Each structure stands twice: as C-alpha cells, then as structure tokens.
Amino acid sequence: MEQNIDSEMLVYSNILSYLIVILAVFVFSVIVYWKIFTKAGEDGWKSMIPIYNSYTLYKITYGNGLLFLLTLIPGLGFFIELKQKFDLAKVYGKGIGFGIGIFFLGIIFLPILAFGSSEYQEETSLFNFNY
C-alpha cells in the first residue's frame, strides 16, 4: 500500500515538474517575442495570442500578415517558414546565417535578436531573394 502511494506521488511530481518547465518556456517565449514585436513598432501583447502572433510576425517581416496562411499548404509550408526566418533576420539587419540559426536554434538566436543591438529596418518581400 505504501509503495503504491509513493509511485503515485512520483507520477504527480513528474507531471508537475513537466508543467513548470512548459510554463517557463512559454513565459520565456512570450518575453522574447514581445521584445521582437516592440522593436518593430507592434504591440507586445500580440505575442501572447497563438495564431495572431504568427500573423504579426509575418506582418513585421513582409508587411502582410496573411502570408502566414501559406504555411498551411502541404509541402510548401516548410519552405515558406524557412524563408520567413531568413527574412526576419534580414529585417533586423542580420545575414542569412543568422536566419538559419533562427530556424534550427530559435531558442538561442531569437533572444539574441530580441535583446541584442539589432534594430528593425523595414519589411521585405516574400519573393525577394537578395541577401
């Protein structure tokens, strides 16, 4: 009986630890995107609303937030998302290497973009391939 209670407590403590980590990642993500949005002149609270933050990120990058709907097209979505990361780095004055870093290691490169000295320049075009 006592061993059963111990195993239940272990399960509950693991679930609680997992939820705390998820909450910490969410809060960190909101803070980072809040800073990225405010650097571009957008309201920071937009980073807390799941679909609206994608719309706002594409608006910052391309001037038209509805372009994020292209990511829903199977097969094309991956490439649109990859290009968006390159262009997000570009509108903050960074190069294509930084865009690759955002795509693969966003947890590291997005805070650098948010809290670094880079400044928002202007949106670009989805079909602009000059880096």
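Let me begin with Lys 85, which at 10% relative accessibility counts as buried, and which lies in helix H3. What I am showing is a predicted model, and I will work outward from this one residue to the core, the salt bridges and the surface.

If we leave out residues up to four places away in sequence, Lys 85 touches Leu 57, Gly 99, Ile 102 and Phe 103. The side chain of Lys 85 also meets that of Glu 81 in a salt bridge, at 3.0 Å from N to O. These two partners both lie in helix H3, four residues apart, which is about one turn of the helix. As a reminder, an α-helix has 3.6 residues a turn, so residues three or four places apart point the same way. The two ends of this pair are not equally covered, since Glu 81, at 25% relative accessibility, counts as partly exposed, whereas Lys 85 is buried.

Helix H3 holds another pair with this spacing, Lys 83 and Asp 87, again four residues apart and about one turn of the helix. Their side chains meet in a salt bridge at 2.6 Å, N to O. Here Lys 83 counts as buried at 9% relative accessibility, and Asp 87 counts as buried at 0%.

How many salt bridges are there by this rule? The count comes to four. Away from helix H3, Lys 46 forms a salt bridge with Glu 42, and the closest N and O atoms are 2.7 Å apart. Lys 46 is buried, with a relative accessible area of 9%, and Glu 42 counts as buried too, at 15%. The arrangement extends to Lys 59, in that Glu 42, Lys 46 and Lys 59 are linked in a network of salt bridges.

Let me turn to helix H2, which covers residues 50-62 and provides a check on geometry. At 1.5 Å a residue, the 13 residues of this helix should span 18 Å, and the C-alpha atoms at its ends are 19 Å apart, which agrees. The buried residues in H2 are Asn 53, Thr 56, Leu 57, Tyr 58, Ile 60, Thr 61 and Tyr 62, and Leu 57 among them is one of the residues that Lys 85 touches. Just after H2, Gly 63 takes a positive phi of about 85°.

Now to the nonpolar interior. Which residues of the largest nonpolar core touch the most other members? Of the 16 residues in that core, they are Ile 36, Leu 88, Tyr 92, Ile 102, Leu 110 and Leu 113. The elements giving two or more residues to this core are helix H1 (2-39), H2, helix H3 (77-91), H4 and H5, and H1 gives the most, with four residues.

Two of these core residues are useful to follow in the structure. Ile 102, with residues up to four places away in sequence not counted, touches Lys 85, Leu 88, Ala 89, Phe 109, Leu 110 and Leu 113, which brings us back to the lysine we began with. Leu 110 lies in helix H5 and, at 8% relative accessibility, counts as buried. On the same basis for contacts, not counting residues up to four places away, Leu 110 touches Val 32, Tyr 33, Ile 36, Leu 88 and Ile 102. Of these, Ile 36 is 74 residues from Leu 110 in sequence, while the C-alpha atoms of the two are 8.3 Å apart in space.

The segment after H5 contains Ser 118, which is buried, with a relative accessible area of 8%. Leaving aside neighbours within four places in sequence, Ser 118 is in contact with Lys 39, Tyr 92, Lys 94 and Leu 113, and both Tyr 92 and Leu 113 appear among the core residues I listed.

Finally, the surface. Phe 28, Ile 96, Ile 100, Phe 104, Leu 105, Ile 107, Ile 108 and Ile 112 form a nonpolar patch there, with about 750 Å² of accessible area together. Helix H4 (96-104) and helix H5 (106-115) each supply at least two residues of this patch. Which of the two helices holds Ile 96? Its place is in helix H4. Ile 96 is partly exposed, with a relative accessible area of 39%. Helices H4 and H5 therefore appear twice in this account, as each gives two or more residues to the core and at least two to the nonpolar patch on the surface.

Terms used:
Residues numbered from 1 in each chain as written. Predicted model: local features only at pLDDT ≥ 70, side-chain atom pairs only at ≥ 80, totals over all residues. Heavy atoms only, no water. Patch = residues over 30% accessible without salt bridge, like charges linked within 9 Å, V, L, I, M, F, W, Y side chains within 5 Å. Areas by Shrake-Rupley, 256 points an atom, 1.4 Å probe, with all protein chains shown as cover. Buried < 20%, exposed > 50% of the residue type's maximum accessible area, 1.4 Å probe, protein only. Expected span 1.5 Å × (residues − 1). Core = buried A, V, L, I, M, F, W, Y, C linked by side-chain atoms within 4.5 Å. Contact = heavy atoms within 4.5 Å.
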